[in-house]
Amino acid sequence: MSTIQKIPLGNNGPLVSKLGLGCMRMSPVWGGPARDEAEAIATIQAALDNGINFLNTGDFYGHGHNELLVGKAIKNRRADAFISVKFGGIIVGGKFLGLDLRPNAIRNFIEYSLVRLGTDHIDLYQPCRLDNTVPIEDVIGTIADLVKEGKVRHIGVSEITAEQLKKANSVYPISALEIGYSLADRQIEKDLLPTAKQLGIAVVAFANTAEGLLTGDLKQPLDPKDYRNHFSRFQGENLTNNLKKVETLKALAKQKGITPTQLAIAWVNRQGGHIMPLVSMSKRSRLPENTAAMDITFTPEEINTLDTTFAIGAITGSTYLQR
């Protein structure tokens, strides 16, 4: 496998792998079928063996199942892993009901997370989103107190606006911004990405294939049971238009001798040294392909083709991801 580069997480932050492992899909987050836990644990351990130390989870993934799984995988090798945990999401019966970002709730959430993960500290702790129910100063301030207590090492934020990012960073230095970013989702290039770069904040970019749109495997119409049917991006004329765009990506990938998924990950990787593609994997068989994507380069002509085909607004419709 490829050697994974290390990058600092924000200004003077710790060194982490340039490729992150998203663990969410290792658990039945939205009430789906059970996953192969043994294979998931083996995948995490194989990732660590190959230099991928950034492990991303959430306390509400599988109602705590995901943290328990990560805890099992890193047992006796805690020093090898950099654990990123999102909190604040309230999910009942597979439905997202909202957020709880009250200071007492945050303190409660982290105690459960530490037990499930089998550790005394979390490397990166972040609210999964921010809203107006609790002032940003109180949310970030509470995590800052946890830093002082040694329970958290660094503070992150996820799926927020440029103004919220500035305010959060003014309360306590933010190390990382986790946000959806792909060829199909480039709206954040207008203000959020420049703001993060200006403030010296690393970007953890998830949904690199835009919920599978950019894998080249998607066919129309989707299976009636496919969760993506709920999103306008995957409906009717929107999907027809979007799949036409993907044909260009597939052709370029074929020309380069790589897969469309590798191309999508490689494009995100090449957007900056401070940007980390966060890739979901639940099987060891996915590791070679995804790590190899980190070595792929593009010619100016190829970048121009991608920028023209996937300009902001070229992909029509939306997903649940906040922009």
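This is a short tour of a predicted model, one selection at a time.

**Stop 1: Gly-20**

Select Gly-20. You are in strand β3, residues 20-22. Is Gly-20 buried or exposed? Gly-20 is buried, with a relative accessible area of 0%. Now show what surrounds Gly-20. Leaving out residues up to four places away in sequence, Gly-20 touches Ile-52, Phe-54, Met-276, Pro-277, Leu-278 and Val-279. Add Asn-56 to the selection. Gly-20 and Asn-56 are 36 residues apart along the chain, and their C-alpha atoms are separated by 7.3 Å.

**Stop 2: Gln-126**

Keep Asn-56 on screen and add Gln-126. The two residues are in contact. Gln-126 belongs to strand β8, which runs over residues 122-127. The relative accessible area of Gln-126 is 1%, so this residue counts as buried.

Which residues does Gln-126 contact, apart from its neighbours within four places in sequence? Besides Asn-56, select Ser-84, Val-85, Lys-86 and Phe-87. Then add Gly-156, Val-157, Ser-158 and Glu-178. Take Ser-158 as an example of a contact between distant parts of the sequence. Ser-158 is 32 residues from Gln-126 in sequence, and the C-alpha atoms lie 6.8 Å apart in space.

**Stop 3: helix α3**

Select residues 103-117, which form α3. Put a ruler on the helix. At 1.5 Å a residue, the 15 residues of α3 should span 21 Å, and the end C-alpha atoms are indeed 21 Å apart.

Next, colour the buried residues of α3: Ala-105, Ile-106, Phe-109, Ile-110, Ser-113, Leu-114 and Leu-117. Look down the helix axis. These buried residues fall within an arc of 165 degrees, so they line one face of α3. On the other side, Asn-104, Tyr-112 and Val-115 are exposed.

What covers the buried residues of α3? The cover includes the helices α2 (65-74) and α4 (136-148). It also includes the strands β5 (82-87), β6, β8 and β9 (152-158). Step just past the end of α3 to find Gly-118, which takes a positive phi of about 70 degrees.

**Stop 4: the second largest pocket**

Stay with α3 and select the lining of the second largest pocket. Choose Asp-59, Phe-60, His-63, Gly-64, Gly-89, Ile-90, Ile-91, Phe-109, Tyr-112 and Arg-116. The pocket has a volume of about 180 Å³. Strand β6 (89-92) and helix α3 each supply at least two residues of this lining. Colour the lining by class: five residues are nonpolar, three polar and two charged.

**Stop 5: two unusual phi angles**

Most residues other than glycine have a negative phi, and most peptide bonds are trans. The next selections go against that pattern.

Go to Asn-76, in the loop between α2 and β5. Phi of Asn-76 is near 70 degrees, a positive value. Asn-76 is exposed, with a relative accessible area of 80%.

Now jump to Glu-159, in the loop between β9 and α5 (162-171). Glu-159 has a positive phi of about 50 degrees, although it is not a glycine. Is Glu-159 buried or exposed? Glu-159 is buried, with a relative accessible area of 10%.

**Stop 6: a cis bond**

Select Gln-220 and Pro-221. The peptide bond from Gln-220 to Pro-221 is cis, with omega near -5 degrees. Pro-221 sits in the loop between β11 and α7.

**Stop 7: helix α8**

Select residues 260-269 to show helix α8. How many residues of α8 are buried? Ten of its ten residues are, and the helix is mostly covered. Among them are Pro-260, Trp-267 and Asn-269. Show the partners too. The buried residues of α8 pack against the strands β11 (202-206) and β12 (275-280). They also pack against the helices α7 (236-256), α9 (287-292) and α10 (300-309).

**Stop 8: the cavity**

Finish inside. The structure holds one cavity of 30 Å³ or more. The largest cavity has a volume of about 40 Å³. Select Leu-183, Ala-184, Asp-185, Arg-186 and Gln-187 from its lining. Add Phe-310, Ala-311, Ile-312, Gly-313, Ala-314 and Ile-315, which also line the cavity. By class, the lining has seven nonpolar, two polar and two charged residues.

Conventions
Residues are numbered from 1 along each chain as its sequence is written. This is a predicted model: local features need pLDDT of at least 70, side-chain atom pairs count only at pLDDT 80 or more; totals for chains, interfaces and linings use all residues. Side-chain values use heavy atoms; hydrogens and water are left out. On a 1 Å grid over the protein atoms alone, a cavity is a set of points where a 1.4 Å probe fits but cannot get out, and a pocket is an open set with protein on both sides within 12 Å along at least five of seven lines; lining residues have an atom within 4 Å of a point. Grid points are joined across faces, edges and corners, and a volume is the space filled by probe spheres set on the points. Helices (H or I, at least four residues) and strands (E, at least two) are DSSP runs, numbered from the N terminus. Ala, Val, Leu, Ile, Met, Phe, Trp, Tyr, Cys and Pro count as nonpolar, Asp, Glu, Lys and Arg as charged, and the others, Gly among them, as polar. The expected span of a helix is 1.5 Å times one less than its number of residues. Buried means under 20% relative accessible area, exposed over 50%, partly exposed in between (1.4 Å probe, protein chains only). The arc is that of the directions from the helix axis to the C-beta atoms. Contact means heavy atoms within 4.5 Å.
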